[in-house]
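This report goes through one protein chain, beginning with the chain as a whole and then turning to a run of paired strands. Please keep the sequence and the structure in view while reading.

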Amino acid sequence: MERKDFLNKLTGGLALTCVACMMEACSKEDNGGSDNNTGGTALLTVNLNSQLLAVGDYISENGVVIARLAAGNAVSSFAAFSNVCPHQGSQVVYQKSSSNFFCSAHSSSFSQDGARTGGPATSGLTRKTVEITGTTLTVR
Ligand code: FES
């Protein structure tokens with residue numbers, strides 16, 4: 001086989017591979033909005049008709065902690081972070097009484113914007129993206 005023929009076959013193969021990858025990526029995006037992370041980037045889906053109704057309500061699951069900080073269903077009414085404590089990986093929750101995020105393992109605390117405010121953690125929480133469509137909130 002000549003070098004030119006070899007390169008043509010190689011390039012054609014790569015192009016087909018790229019097309020297949022793009023088609024697979026598109027089909028995964030079509031699964032967005034589910035509450036699992038197998039289809040892509042949605043980590044948690046919340047029904048705002050039945051969950052996170054009151055200021056201070058929170059959910060900590062699927063690697064995410066999200067709290068309602070204000071009334072209304074605007075993105076700015078919520079704060080979402082990874083619920084993995086940056087100290088040693090325990091689960092972070094929200095404490096309505098102190099209006100901050102908290103890890104009970106060694107008492108690290110974090111402000112509503114995720115910044116470390118106390119305890120042995122040396123960094124803040126990793127922010128997650130909140131999207132709202134109608135009454136469906138998705139954390140990515
Ligand atoms: S694991 Fe969270 S404070 Fe230690």
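## The chain as a whole

Of the 140 residues in the protein chain, 22% are buried, a value that, like the others in this report, comes from a predicted model. When contacts with a separation of 6 or more are considered, 34% of them are accounted for by residues 24 or more positions apart.

The secondary structure of the protein chain consists of 1 helix and 10 strands, and their order along the sequence is α-β-β-β-β-β-β-β-β-β-β.

## Strands E5 and E6

Strand E5, which covers residues 93-95, runs antiparallel to strand E6, which covers residues 100-103, and 3 bridges join the two. Within this pairing, Val93 is found opposite Phe102 of E6.

The hairpin that E5 and E6 form has 4 residues between the strands, and in this hairpin Ser99 adopts a positive phi near 55 degrees.

## Strands E6 and E7

Strand E6 is also joined by 3 bridges to strand E7, residues 108-110, and these strands run antiparallel. Here Cys103 stands opposite Ser108, a residue of E7. E6 is therefore paired with E5 and with E7, since at least two bridges between strands are needed for a pairing.

In the hairpin of E6 and E7, where 4 residues lie between the strands, a positive phi near 65 degrees is taken by Ser107.

Technical notes:
Residues numbered from 1 in each chain as written. Predicted model: local features only at pLDDT ≥ 70, side-chain atom pairs only at ≥ 80, totals over all residues. Buried ≥ 20, exposed ≤ 12 C-beta atoms within 10 Å, placed from the backbone. Contact = placed C-beta atoms within 7 Å.
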